Each structure stands twice: as structure tokens, then as C-alpha cells.
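Biologist: I'd like a close look at a single part of this one. Could you pick out one helix, walk me through it, and then show me what surrounds it?

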Amino acid sequence: MSLLEIQNLSLSIGTYEILHRVSLSVAPGEILGVIGESGSGKSMTAFATMQLLPEGARCEGRIALDGQEMLELPEAQLCALRGSAVGMVFQEPMTALNPLQTIGDQVAETIRIHQKTSRRQALLLAQEALERVELPADRFPLSRYPHELSGGQRQRVVIAMAIALRPKLLIADEPTTALDVTTQAQILALLTRLVREDGMGLLMISHDLAVVADMADRIAIMQNGRVVEEGPARTLFHTMQHPYSKALLAASAHAPVMTPQEEGAPLLEVRDVHRRYPMARKTLFGPRQEFHAVKGVSLTLKAGESLGLVGESGCGKSTLTRAILGLEQVQGGEIRLGGQPVFTGDKPNPAVRRRMQVVFQDPYGSFNPRHRVGRLVTEPFHLSENPPTGAAREAAIAEALEAVGLKASDKSKYIHEFSGGQRQRIAIARALITKPELILLDEAVSALDVQVRAQILDLLADLSGRFGLSYLFISHDLSVVRSITDRVLVMQAGEIVEEGPTEQVLERPTHPYTKKLVAAAPRLPEGVL
Amino acid sequence: MLRFLLTRLTSLVLSLVVASAVIFAVIEVLPGDPAAVMLGVNAQEDTLAALREELGLTEAPVMRYFHWVTGLLQGDFGVSYSYRIPVAEMISDRLQVSLPLALFALVLTVVIAIPVGIWAASRRGSAVDLGVMGVTQLGVAVPNFWFAMLMVLVFAVNLRWFSAGGFAGWDEGILPALKSLTLPAIALALPQASILARVMRSALLDTLGEDFVRTARAKGLTRRQALWRHAFRNALIPVLTIIGLQFSFLLAGGIIIENVFYLPGLGRLIFQAISARDLVVVESVVMLLVFAVIVVNFLVEVAYALIDPRLRSAR
């Protein structure tokens, strides 16, 4: 008998149907991977299982957890099951913990809410749980607060809270999406180990096929609130029938066709750049400590080249990006674009800055919601000495929007009328409008679903051929860098540790850090395409 | 935590030094001749000279500032020009009314607003919530002197439960004194409680939407437990900020209410002193209020740090 049995579950909020006759099952000790894009209903399936739904949500069908009918239980009994029979791990470790309580108290709370134990006894059990998630008490005492831990460590605390009472079922909703590749690999290994040790069932939700392919026993693929395909992980990739599954797989492994360009003279030259930040004082009148974020980085990007910069969060890649853009002054070294310095004296050089543009990660936060698209797209014109006006300006807007596959008439709309992928197209249009030579793409496709990501990568490949653009592609995601760059730099702790042609670096890495990164990156099984 | 306290205390002392210098400069140095300001345009030259001598204006401004500050530190605020009695005495008389009144009003504010705000937030969108939002809207909008007169009409004139004004004094015992402060405290607390209840409600609604509240629910806490154990303390930071501002306001901002109820408080003192151009009194009362504001801010910051461990380790 299976541990979790979801049969014909339909869920609607108001008149809007979110789930449509979803059926899934998890056996004890089994890992079920649920895959889907945003809005496919995969998280709602998890919250329905926990019966932690937004107000006004109505469920029909059947959810049986270890023989208990979840849809028929009163709230008090559901509370008794949550945390003891079923635990849950969430996507955002940075906000999933109460910032005002120690990690010991928060883990102990799971125990004390379900069992009559003393505080001391509960804390001992909490320490045990934290040790099981590899946070030993000598290095991570129970008295630590969440803000003293990294994202990966916080996610371990959340896992400890979820498994403290050895539940029969664990639900993990995108548990590694917000983490770096190496941390992701550690967390996935930890979850797999706990499942095997406790014989727990795991409902693992992800948008990333490769993450789930590595660890799941069975995989279900969801689209628009329905399960469209389900099967054993080992064979599913070969036997999948549904067009959506196939499209999803194709998009995950998509490699855009870059038109090879003649490589020209060096366009961007970064020479021995240093960037330091002052840190908070340790003592009242003591000297300020400095944080050395970028330690003597040098790189060259040739005209027409697409260069990747890879590293984990905190490695200094965003600091370097801001320095290249001339948003911050560096403390040592120099940055030149087409032979001219980005900073002249203490002032950024607008003549240089308008020759490069940037596209950021978040398609939702990087636009002023009160301006129309036409105005948003023309923002970079403030760098020009005599920006086009009147008909010339309208023509420039139309050209930029059409270049990214939108219509010229979209200029009078507001940003909330567009989807995430369309917004990222608008961000690219904004970057194109000054006809730059270089575009910096700072995690520009990281927040997008795989299919949309594939389309944007195709667009970038197309634009580079048409406009002779060079790209500096900054990302923590090796698969994206692999598909679109000619050369790649690997950055660790403020330094470039390895550099070379992308294919060579990723296939035969020489530096230990690169080897670690490549090994940690989840991959689809060989030969599925 | 010790380092945090030291840093905050240093900044408290520095704020006081800067504030006292500014007050001294604005009141005693900038007008040119304080004696001329106090006596008006028609003053005789010999009376001006006598007043200058009396006020010690013949010294250099730096020395005068130094004497003023050392005097303040010893509790010597100078002598009132219009009443000819030590300012310290006048202020301490008035503080016996204003401080209890402000504390009374603040306690009422907190005791009413916090539960009401929590009640409304925990039943978001219900009739209770709508009712609370409506009543507090009214509470903010109604002028408190009008509300005070209404209360006098009902509770003093018709029902005769309270006296219509005046202060019984502390010599008669605590209860009669508190009784004479009750109507003024309610009048002062009404708009403040309305504001604070709305702040409490929205702060709690914000934290109830946070991820860690969802985590708590996934651990098996009931909605109520999640609210009290996780959301409430996180919602206190904005609430404390408002309480600090409200206390500073209540200490001197009750001037109209003091007039309605004939209470000899600080607000009336400073009003009379300004009308009488009694600069010595104005200066001392302003300094005292600044001192109160700075100390209250310090206490609020210490309270922040007690609530939030992130603030203890930062800076």
C-alpha cells in the first residue's frame, strides 16, 4: 500500500481551477519527482497534501496519507499530523526561519508541539536532528540565530525541523532552487540519505529535470494543473509520449545556434582590478576591516566574442560586473572598453558607458511599474549627448521592440501586462536601444522557466549575429554558459582560477574548484536526446 | 550587547551636547540681545542694562553656554524672569502633572491598541476587522479637544462621575489625582490608540504573510500558535517605533487638552513662558523635552535589540 495516495484531486480558488484531477502516489522509501513550470500546480499539490491552502481554496477528490483521509480531517487533527507524520521543506531558506529565535529553539519546537517533553529533552533531540543534517553542535551550537548561517546551512535547519520526528513523508518544494550548484548537490545528497535511512517517502518538487533525474525513483510531469506523464525515472526519458514532456526535455538541453563571428580586436580589457569594501567596525574606535571582493582580476573580451563568467554567490562576480559597468569605482587596476577607460578621474565616462548595456536577473524588479514600455526602453538614452527626439525616437523604440520579437505598439503598455519571458525581452530591447557593442547578461535567464529560457537564448544568439554584439554572460548555471559562450572564466573568492574555451574547461577542468563545480552540476542521463 | 549599549550611550551623550548647543544658540545668541527680546521694543536703556547684568549677558557666549550646561547638570535651571522663582521648581511642579498624564495616556494607548490590532489582524476581512478599521479611522479624525469637551459634558456635567477640570494634587493620595487625570488621559489616548492599533494590525498582517509563519504551520502549529509564537514578536519593531514617538508627543503635546481641563502641565507652562517672553523658562523646558525625546529613543533602540538578535550584532 502506498504511503501517500492522491486521487483525482481538483482544486479551485473562486472560479479559477488550479488542479484538475491530479493523481499521484508515493510508496514508503520512494522518491517521487514532480516537475513542471511555474503555474503548473506542482506547489499547490504539495500545499493541498499538507492542507495548508490559501483561504477560499476548495479541494475535491481524495488525499490519503498513511490511511488518513486528509480532506475529511478537522483542523486539530491536521495540526497533529503536520510536522509529525509529514514534514515540509521550502524553496527560500533565507526567509523560511524565524529571525528572532535560535535554531535550537526552532527545531525543538517541532518536537515540543507534538510530544510532552521538557525543554531540555526537546533541545537534546533537536541537537540530534541537527547532527543528522550535518550541522554538528561543536561548530553550529543550538544558540545560533538564522542570520549567522549561510543559505545552505539554513536549508539544513529547515530540513532538521521537518525530519526531527522522523515523519513518514517529506515534501520538498524546490529545496535547492535558491542555492549554488555545490550546495545544491550537498542538499540533494542529504535528502537522499535521509530517505534511505528512515525509509521515508519523498515528494520532490522541481522545475529542473536534471535535478530530479539524478535522485528520483519515479517522475511525474505536470502542466496546467494536470499530470501529463508519469513513469520510472530510469526509463521515462526514453518512453515519454506526451508532446509537452518532449518539449520540456528538448528545452532543458537546448543549445542555441550561435552564428560564428570573426573575432576582432580586444573590446573589453580588465587589468588587475581590485575592489575592497569597508566592513563594520569590530570595536568602537578600532580600525575598519576591509573585505577584498575582487582580487586582481584580468580578462579580455574580443569583439564578437561571447564570454562566460562562472562562480558561486559571494565569489565577486556581481562586484566585477558593477565595476565594468562603471557603476562603482575600483581601488586598483583599470577597465577599458575599446581602448578607453570606463572611469576618467573620479567620474564614469558616459561616452564609454553607452557602448555597453546590461540585462539583470529579475524581470519583475528591474522595471519601474509606473512607466510605459516606450519610456522604460529609452532609459539608456540619458547616456547620449543628443538623444533622438520625435519621430527618430519613436523609430528607435519600434526597432528595439521588433528586434526582440515584440510589436512596436507594445510601447504604450505597462510592464505588468507582460509575462516574465516578455519582460526579459523588454530588458534586452532596453539594452539594444543605444546600439551597444557589449551586453552584460547578469544571470539574465536564471529566473525563467526552461522553455522560455530556451527562447531567450535563441533570441540572444540571433541578435549577436544580426548586430555584431559581444556578450559577457555572468551566471552560476554551467549548462547555460555551456550552450551560449565561446570561452569561460571561473571565479572563486575574488580571483579567476581557470580560463579557456568553454567546451574544454567544462569537459576537462584542471583547477580543483572547477572540477568541483562541474561534478556538482546536475545532468540529464546520457543519451536521452 | 555590551558594545551595542556603549555605542548607543555614546551617541545619546553626543546628541545631548549638540542639541543643547543648538538650543542655546537659537535662544540666547542668534536674537542678538535676549534682554531686548524679553523687555520688548519700548524698554528703557537702564532696565535693559539691569536685566543684562541679572541674566549674566555681559560674559562671552561660550562661557555663558558653559555655565548654563554645568548649571543644568547640577539641577540649576536659572531663575524665571517673570515669576522670580527658580525654573527647576516650576518644571518639577508641572512634571508632577505632565509625566503621570503622559504615562497614563500611553498605558491606555498600548493596552487598547495592541489587543485590538491583533484581534483585527487575526480576523482579516471579517466584520471585526472592518469595524476596527472604521472606528480607528474615526478616532484619528475626531479632534481630541472636541472629544474632551464631549466627555466633560457627559461624565462631569451630566453623570457627575468626574470633575470637569483641575488637578487634585498628589497630597490627597494617588486615587483622587489619578481620577482627575482620567478624562484628559482618555482624550489624549483616543487618537494615539487609533493610530497604534492600525500600525499593529498592518505590521502583524505583514509578518503573518512571511515564509517563516508558513514554516511554523508546516511544523504543526495552529494558526493561533503561529501568530503568538512567531508573527507577534516580529511585528513589534514598527509598533515600538510608534510608541516611542507617541510618548514624546504626549509629554508636551497635551497643551490643548491641558487647557480644556485646566491642568497645570508642561504644555501650559511653555505656552505662558512664550507669551511672557520668559526665555529662561522656554530654554529649560525645550531642553528638558529634547532630553526626554533622546532618552525615549535610546530606550526604543535598546528594546529593538532585545527583540531582534540581528540588531545586537550589527554596528
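**A close look at one helix in chain B**

Modeller: Let's take H13(B), where the buried residues are Leu279(B), Val280(B), Val281(B), Glu283(B), Ser284(B), Val285(B), Met287(B), Leu288(B) and Glu301(B). Keep in mind that this is a predicted model. The helix covers residues 279–307 of chain B, 29 residues in total, and spans 42 Å from first C-alpha to last, close to the 42 Å expected at 1.5 Å a residue. Note that the buried set isn't purely nonpolar by name: Glu283(B), Ser284(B) and Glu301(B) are on the list too.

What sits over those buried positions? The cover includes five helices of chain B: H1 (2–29), H2 (34–39), H4 (61–73), H5 (87–122) and H12 (266–275).

H5 is a handy link to the wider picture. Away from its sequence neighbours, Met200(B) is in contact with Ala113(B), Ile114(B), Gly117(B), Ile118(B), Ala235(B) and Val239(B). Met200(B) also ranks among the residues that touch the most other members of the largest nonpolar core, a set of 216 residues; the others are Val107(A), Ala160(A), Leu169(A), Leu203(A), Met204(A) and Ala429(A). The biggest contributor to this core is helix H8 (174–208) of chain B, with 16 residues.

As for how the chains meet, 26 residues of chain A and 23 of chain B take part in the contact. On the chain A side, H2 (75–81), H3 (103–114) and H5 (151–163) each supply at least two residues, and H3(A) has the largest share, with four. That side divides into 16 nonpolar, seven polar and three charged residues.

Note on methods
Residues are numbered from 1 along each chain as its sequence is written. Chains are lettered from A and ligands numbered from 1 in the order in which they are written. This is a predicted model: local features need pLDDT of at least 70, side-chain atom pairs count only at pLDDT 80 or more; totals for chains, interfaces and linings use all residues. A nonpolar core is a set of buried Ala, Val, Leu, Ile, Met, Phe, Trp, Tyr and Cys residues joined through C-beta atoms within 7 Å. A residue is buried if 20 or more other C-beta atoms lie within 10 Å of its own, exposed if 12 or fewer, and partly exposed in between; C-beta atoms are placed from the backbone. Two residues are in contact if their C-beta atoms, placed from the backbone, lie within 7 Å. The expected span of a helix is 1.5 Å times one less than its number of residues. Ala, Val, Leu, Ile, Met, Phe, Trp, Tyr, Cys and Pro count as nonpolar, Asp, Glu, Lys and Arg as charged, and the others, Gly among them, as polar. Lists of a residue's contacts leave out its neighbours within four places in sequence.
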